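I am opening a notebook on a structure that is new to me, and I will write down each thing as I look it up.

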Amino acid sequence: MLVDNDWAGDPDGLVALAHHALVPTNRIVAVTSSLTSPMFGDPTGEAERGAALAAELLHSLGHASVPIAAGPDTRFGGRGRASRAAGAIVDVARSEDELPLFVVCAGPLTNIADALSLDAGIAERFTPVWVGGSLSGEWEYNEQTDSEAARFVLAHPGLHIRQVPVETYRRLAISIAELRLSLRRSGTVGRWLWNVFEVLDLPDSVQLGPMWCLGDSAPLVATAIDDPGASLTPIDGEPTRTVYSNLDTRLVLGDFFALLAGVDGSAKP
């Protein structure tokens, strides 16, 4: 799998990356970093900063060899050359492997859109799993960060996409009290993750508490966790798009914290 996210934005992306890396059935072949929403401030340089955060986390989890590529700090369309992230997605999609390729995106679809623009033929060589969008048309962060990229990817011919819309991923909520306790008692990696939450410069419209959504972890039910409660539903009139309309939140969160507690010897029983 290739994992794409705006790692310098909402910290739940880094929680999800740690989960992907800890699950023994996942094999991460590359990580790409996308732009952040202007709601977090000027996005210039944030894709590179996100790549550095992802690299630091993966190194602490024993995955230092995973290649990481940053995408552009601007939205899809009108760029004269492909980004390193787009090139990485094309290279992974074009490589030969006996396993199916999932490209998990829990941020804006910018890098996937750029990759498809670079090489439209890769559409049949991977399955995107996207955390974003809304079935009811409500405002949704990942979609609105780069709405043109979302329209381009969702309408791309030959691309069979699995979507986790906001109506589903918002169910992966956890109280700040439980999140703080669970991360701070889970060794050095857990404490590192909690520190990212503490130092996050949130806009006035967003507050850290009393709960947080860990929705970026939802794709684990597509790539690693055999969730009997997950429901994958086709969209009428769109044969190449299916959506997750249900998932077992306790299973996803419980699996993560159990795996994280065993990362190093400093974790408390």
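**Entry: a residue in a helix.** I began with Thr188 and found its place in helix H9. The model I am reading is a predicted one. Thr188 has a relative accessible area of 45%, so I noted it as partly exposed. I then looked up its separation from Ser60, which is 128 residues away along the chain, and the C-alpha atoms of the two turned out to be separated by 8.7 Å.

**Entry: aromatic pairs.** Staying with helix H9, I turned to the aromatic rings and counted four aromatic pairs in the structure. In one of them, Phe197 with Trp212, the ring centres are 5.9 Å apart and the planes stand at 85°, and because an angle over 60 degrees counts as edge-to-face, I entered the pair under that heading. The two residues are 15 apart in the chain and the pair links distant parts of it, with Phe197 in helix H9 (residues 187–199) and Trp212 in strand S8 (residues 211–213). I checked whether these residues are buried or exposed. Phe197 is buried at 1% relative accessibility, and Trp212 is buried as well, with a relative accessible area of 8%.

Phe256 and Phe257 make another aromatic pair, which I recorded as tilted, with 5.1 Å from centre to centre and 55° between the planes. Phe256 has a relative accessibility of 2% and is therefore buried, and Phe257, at 13%, also counts as buried. I added that Trp194, Phe197 and Trp212 form one aromatic cluster.

**Entry: the largest pocket.** Which residues lie nearest the centre of the largest pocket? I found Asp10, Glu140, Tyr141, Tyr169 and Cys213 there, out of 22 residues that line the pocket. The volume of this pocket is about 490 Å³. Helix H5 (141–145), helix H7 (166–169) and S8 are the elements that give two or more residues to the lining, and S8 gives the most, with three. By class, I listed 13 nonpolar, three polar and six charged residues in the lining of the largest pocket.

**Entry: the second largest pocket.** I computed nothing myself here but read off a volume of about 390 Å³ for the second largest pocket. Its lining is made of 17 residues, and those nearest the centre are Met1, Leu99, Pro100, Leu101 and Phe102. Helix H3 (84–94) and helix H10 (220–223) each supply at least two residues of this lining, which divides by class into nine nonpolar, four polar and four charged residues.

**Entry: helix H3 and the loop before it.** Since helix H3 had come up in that lining, I asked how many of its residues are buried. Eight of the 11 are, so helix H3 is largely enclosed by the rest of the structure. The buried residues are Ala85, Ala86, Gly87, Ala88, Ile89, Val90, Val92 and Ala93, and what covers them includes strand S1 (2–5), S2, S3 and helix H4 (110–118).

Ser83 sits in the loop between strand S3 (68–70) and H3, and at 14% relative accessibility Ser83 counts as buried. Setting aside its neighbours within four places in sequence, I found Ser83 in contact with Ala70, Gly71, Pro72, Asn111 and Asp114.

**Entry: Asn26.** Next I went to the loop between helix H1 (12–22) and strand S2 (30–33), where Asn26 has its place. Asn26 has a relative accessible area of 13% and is buried. A polar contact of 3.4 Å joins its side chain to that of His20. Not counting residues up to four places away in sequence, Asn26 touches Met1, His20, Leu220, Thr223 and Ala224.

**Entry: the cavity.** Last, I looked for enclosed space and found one cavity of 30 Å³ or more, with about 40 Å³ of space in the largest cavity. His20, which I had met beside Asn26, is among the residues of the cavity lining, which also include Val3, Trp7, Leu17, Val104 and Asp216. S1 and H1 each supply at least two lining residues, and H1 gives the most, with four. By class, I recorded six nonpolar, three polar and two charged residues in the lining of the largest cavity.

How values were computed: Residues are numbered from 1 along each chain as its sequence is written. This is a predicted model: local features need pLDDT of at least 70, side-chain atom pairs count only at pLDDT 80 or more; totals for chains, interfaces and linings use all residues. Side-chain values use heavy atoms; hydrogens and water are left out. Rings of Phe, Tyr and Trp (its six-membered ring) pair if their centres lie within 6.5 Å; planes under 30 degrees apart count as stacked, over 60 as edge-to-face and the rest as tilted. Buried means under 20% relative accessible area, exposed over 50%, partly exposed in between (1.4 Å probe, protein chains only). On a 1 Å grid over the protein atoms alone, a cavity is a set of points where a 1.4 Å probe fits but cannot get out, and a pocket is an open set with protein on both sides within 12 Å along at least five of seven lines; lining residues have an atom within 4 Å of a point. Grid points are joined across faces, edges and corners, and a volume is the space filled by probe spheres set on the points. Ala, Val, Leu, Ile, Met, Phe, Trp, Tyr, Cys and Pro count as nonpolar, Asp, Glu, Lys and Arg as charged, and the others, Gly among them, as polar. Contact means heavy atoms within 4.5 Å. A polar contact is a pair of N or O atoms within 3.5 Å; within protein, one must be able to donate a hydrogen and the other to accept it, and residues adjacent in sequence count only if both atoms are side-chain atoms.
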